[in-house]
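Student: Could we go through one sheet and some charged pairs of this model?

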Amino acid sequence: MKKVLTGQKLRIPASTFNTMIDAAADFQSRALNRNSGIRPSASQNGIITICNQSGADQEQFAVLGIDSPIILPTENYTEFANRLALDCALPTKTDHDEMFVILQEPIASGAFGKALIVGVCPVNLLRHSGESSKFAGVTDGETFLTAGEKGAQILWEDTYSGESEHLAIVRLPYAAPGGEGNATARVAATSASTTHSGLQTLDGIALAEGDVVLDWRNGTTTLRGLWKASANAWTREGTLTSGMLVSVIAGTLRKDTLWLLDTQGTITPGTTALNFVQLIQNQIFVRARVKTSSAVTHSGLQTIDTIAVIDNDLVFDAPNVYIASSGVWAISSSAPNVVFVLEGSANGPLTWGKKSDGTYQAIAGVYT
């Protein structure tokens with residue numbers, strides 16, 4: 001190809017014209033996306049997109065502290081709701097205690113990549129002499145985990161000598177069960193009449209000896225709390241304190257949920273009536289089976305949006321998500337930002353986002 005002068009007849013071969021069209025399209029595409037960078041996708045199976053803001057290239061299995069969402073809802077609500085991505089920095093105890101991710105691939109400084117926020121994966125671990133804890137967390141300025149800190153449960157460690165970094169397998173999130181402060185339960189009960197004996201199946205999980213269960217819904221409020229499962233009679237687990245948080249790590253309905261013990265004053269297990277409030281479901285998003293189109297009574301098993309609701313179904317009746325039952329429904333989540341509605345003819349499968357005025361609208365088409 002060569003340039004032409006003013007006044008010359010312009011004859012463009014088809015191949016040249018097509019090349020120009022392709023180049024123009026490429027330029028337009030790059031221009032439109034110049035300020036958008038990578039289009040990070042929403043979290044899936046505990047893996048999220050992060051931007052490495054540590055100031056250095058990081059290797060696979062490095063640990064970074066969670067800072068803030070890359071896209072804020074005030075900047076672009078739809079992108080915030082559908083393209084979850086976080087800025088992550090070099091960890092500090094003050095800012096990132098129990099708030100960190102583990103990189104799933106090498107990520108250059110300032111670049112995007114994948115990291116684990118919930119689940120099981122390898123990590124580099126340091127264990128000081130005499131430290132025997134089965135949990136680990138961050139320390140200032142280090143991209144490995146240190147045994148004895150909080151945040152991850154240590155499932156396995158490679159052989160090592162002295163106080164050297166070595167590979168381990170950990171589970172996120174984790175806080176030492178029982179005791180004052182936060183706790184972790186494997187599952188949360190779904191029935192108001194859970195019996196505290198035997199290795200039964202709760203929320204789709206077959207309990208094993210020693211599993212910790214959060215019984216938040218028991219009809220006898222003094223029987224609520226943390227229980228250690230056993231083939232025989234269960235025993236109470238840990239010390240319950242007002243304002244403590246309990247994270248649930250498994251289950252069909254209650255996996256990755258966070259609960260607050262909203263009972264004031266001194267707590268005496270078996271005597272004090274307990275009230276647990278769910279703060280977070282699935283960390284960021286809430287799922288519901290169906291969404292109402294008009295006012296419904298929050299009791300009894302009924303048909304909503306052509307779906308016959310059964311016991312323990314989650315029903316989105318804005319602004320709350322309810323747990324359906326043959327009796328009075330309990331609130332599962334209050335005014336969530338984003339709700340995935342899985343079934344229905346008019347309102348699902350759709351993703352619903354909360355607007356600034358508190359109402360909801362479909363924001364992302366069909367949810368799959």
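The questions below deal with strand order and salt bridges.

Tutor: This is a predicted model, in which local features need pLDDT of at least 70, side-chain atom pairs count only at pLDDT 80 or more, and totals for chains, interfaces and linings use all residues. Residues are numbered from 1 along each chain as its sequence is written, and side-chain values use heavy atoms, with hydrogens and water left out.

Student: Which strands stand at the edges of the open sheet of 4 strands?

Tutor: Strands are DSSP runs of E, at least two residues long, numbered from the N terminus, and two of them pair if DSSP finds at least two bridges between them. The order is β21-β28-β29-β30, with mixed pairing. An edge strand has a single partner, so one side of it is left without a neighbour in the sheet; this applies to β21 (286-288) and β30 (360-362).

Student: In which sense do β29 and β30 pair?

Tutor: Strand β29 covers residues 350-354. Its W352 stands opposite A362 in β30. Over 3 bridges, the sense is antiparallel.

Student: Is E237, in its salt bridge with K228, buried or partly exposed?

Tutor: A salt bridge puts a side-chain nitrogen of Lys or Arg within 4 Å of a carboxyl oxygen of Asp or Glu; here the closest N and O atoms are 3.5 Å apart. Buried means under 20% relative accessible area, exposed over 50%, and partly exposed in between (1.4 Å probe, protein chains only). K228, at 33%, is partly exposed. E237 has 12% relative accessibility and therefore counts as buried.
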